[in-house]
Structure formats: structure tokens, C-alpha cells
Amino acid sequence: MRAVIATGAGGPEVLQVTDVPDPRPAPDEVVVRVAAAGVNFIDTYRRRGIYRMRFPHVVGSEGAGEVVETGSDVTTLAPGDRVAWSSAPGSYAELVAVREADTLPVPAGVDDATAAALPMQGMTAHYLVASTFTLAAGHDVLLHAGAGGVGLLVTQLAAARGARVVSTVGSADKEHLARAAGAADVVRYRELSDLGTELPALVRDLTGGRGVDVVYDGVGKDTFDASLASLARRGTLVLFGASSGQVPPVDLQRLNAAGSLYVTRPTLGDYTATRDELLWRATELFDAVVAGALDVRVGATFPLADAADAHRALEGRATTGKVLLLP
């Protein structure tokens, strides 16, 4: 089969398409023919060596497709079943082995592209609004990168819970997408000369001087200071990504001085730690798609051979919604 290999730690140029042996399922695995693979920032962190990885390795961990072979211990799946997943190493490929326990059944009303686009970003959005900081009517939210894949989903889920979303975006086109998803207010951060002071001032103007209850920040280094300064007393900063770089060490006394703030750095694995929790999040998301209550935007698709270009587009913030590879 064809697969995308990261030959070593580095930029997108280290990604190469090559032929590798077809996977065989372990007893608790299924082999899936990949219809679409999700491209995520975590793939770029692994490619760059920010997260420790063995090289070479087949890139990717998310996708959707059809089961073609099952392991001897598999009891709930059969060839022909459609599944999605968020945590199967080697998903930038024509075939991938996925643990039965990590598969997500795909309903008939969900197409392959949507099924591949939803697991990682959708379940991330779900745990952010439902678990890390449980949103309810009356909460004020600051959301960075509101036109990105996670951002558009967080906005819809937050608005459905009655929260007010203030979204930051980089352009007029992205502002339109954020507002269409349900953002009450949108700030184009590129029009600010000093993000660290001007954004918190705007946020406080929009919240009667109070600040927001929670900031969902997947950008990291470039936005961290502005995020802290935008919080209300006892507010929570949820740092769930670092697309601009890792946040340097923080003096915890800053949290005291700014109003007894909370900061957390969650990860999807800890919010899908059991099969029941995984299926709860996935089922709510797929049900919302089927009901027409959740729009999953696929912003760009690339052939498997152009995985390096997909990474360049994602890291250059040139995309909206989800980026997919099509084998």
C-alpha cells in the first residue's frame, strides 16, 4: 500500500509517499481501507519532533473508512462496516490497523469526509464545552482561531448551550465563518497593534468590564498573555493547543495577581479514557450532524501524495475548518 512517511524530524519536506507492507490486524484490531484521513496540528508536532517519535514513521492518527479485515478477538465489527477513529497511528495511508476499542461507528447519514473530519476536532470541541469548563447559558467565552476546525465546532456547541462567544480570527472571510457558526462578537487580531493589551481591553468592553468566564486557546505562545488578561475573576484558561509555539514557563503568582485564575492543559486522551466516554462524545456529535444541528466544515482536501502541502497550509494558517487527505 501507499503511505506517507516522516523520514526524520523537520519541516514538511521530510514527508514522503512510499510503498509499505499492508497491515495485518492484531487479535483486537480491524484493518480499514481509508476513505479520508484527518490532518491535525498534533501531526505537525510529531513530524517536527516536539513530541517524541521514532523515525521513520507513518504519519497521522485520524480518519474514516470501511473495515476490510478483522482480528480473531473482534466481536462488534465485520467487513463492510463504516468506522471512524481519532487515535490509530499510521492513518496517512491506504490501509490502517485500528483497535476495535478505538473505532467509532459511523451512522448512515454521515458521509466519509464528515466522518473523518469529526473525531479529533469534534471530540476536542465536545470535551472543551461539556467537561473541561462546562458551559451554560450566561457564560462569556473568548475563543481563539474561531474559524479553524475546532473553533467552528466549539462556537456551534457553545452557542447551543446558551453561551456568548467572542471569537478571534485573522481575516474578513474568517470573520464571516465565525459569525455564521454563532459567534456574537468577532475580533480580527491582525488589525491590533498590541494583542496583549488591546484584545483584553476589547473583551472587557464587550463584557461590561468583567472579562470572560473561560478562554479556549489553541494558539499558545502568541495569545497566552492576552488570554490571561481577558479573564474574569476566578476565570479559566483552557490551553488545548500551541499552533504558534509552546508557552514558556509561567510564574504561578500571575494567577493570584490576576484574580485567582485557573489554567489547564487538557488532552483528548484523558477525556476519552473509557469506551463509554468515547462513544458518548462521538454519538452526540454524529447525532447532531444527522439532525442538521452541527455543521462540519471541510475547508481543504489534498491527495495523499501532497501531504507536505497539507501541512504547509495548516501551519501557515491558510485553512478554515478541517483539512483532509484523500488516498
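**Around helix α4 and its sheet**

Reader: So, just after α4, what phi does Gly162 take?

Author: Bear in mind that this is a predicted model: local features need pLDDT of at least 70 and side-chain atom pairs 80 or more, while totals for chains, interfaces and linings use all residues. Residues count from 1 along each chain as its sequence is written, and side-chain values use heavy atoms, leaving out hydrogens and water. Right behind α4 (helices are DSSP runs of H or I, at least four residues; strands are E, at least two), Gly162 has a positive phi of about 90 degrees.

Reader: How far does α4 reach from its first C-alpha to its last?

Author: Helix α4 covers residues 149-160, which is 12 residues. At 1.5 Å a residue (times one less than the number of residues), the expected span is 16 Å. The model comes close to that, with a reach of 17 Å.

Reader: How many residues of α4 are buried?

Author: Buried here means under 20% relative accessible area with a 1.4 Å probe, protein chains only. Among the buried ones are Gly149, Leu153 and Gln156. Helix α4 is largely enclosed by the rest of the structure, because the buried count is 10 of the 12.

Reader: Which strands does α4 touch when it packs on the sheet?

Author: The open sheet has 6 strands with parallel pairing (at least two DSSP bridges between two strands), in the order β11-β10-β9-β12-β13-β14. Its edge strands, each pairing on one side only, are β11 (185-188) and β14 (262-264). On average, neighbouring strands are turned by 15 degrees against each other, direction ignored. Helix α4 makes about 170 degrees with the direction of β9, and its contacts (heavy atoms within 4.5 Å) are with β9, β10 and β12.

Reader: In β12, what's the bridge partner of Val141?

Author: Strands β9 (140-143) and β12 (212-217) pair in the parallel sense over 3 bridges. In β12, the residue bridged to Val141 is Val214.

Reader: And in β7, which residue partners Val32?

Author: Strand β7 (95-99) is mostly covered, as 4 of its 5 residues are buried. Strands β3 (29-39) and β7 run antiparallel, joined by 5 bridges. Opposite Val32, the β7 partner is Val96.

Reader: Which residues of α11 touch α1?

Author: Helices α1 (41-48) and α11 (307-315) pack with axes 10 Å apart, at an angle of about 110 degrees. That makes them roughly perpendicular (65 to 115 degrees). From α1 come Phe41, Asp43, Thr44, Arg47 and Arg48, and from α11 come His311, Leu314 and Glu315.

Notes:
Buried < 20%, exposed > 50% of the residue type's maximum accessible area, 1.4 Å probe, protein only. Axes fitted to C-alpha atoms, helices over the stretch in contact; angles between N-to-C directions. Parallel < 35°, antiparallel > 145°, perpendicular 65-115°, else oblique.
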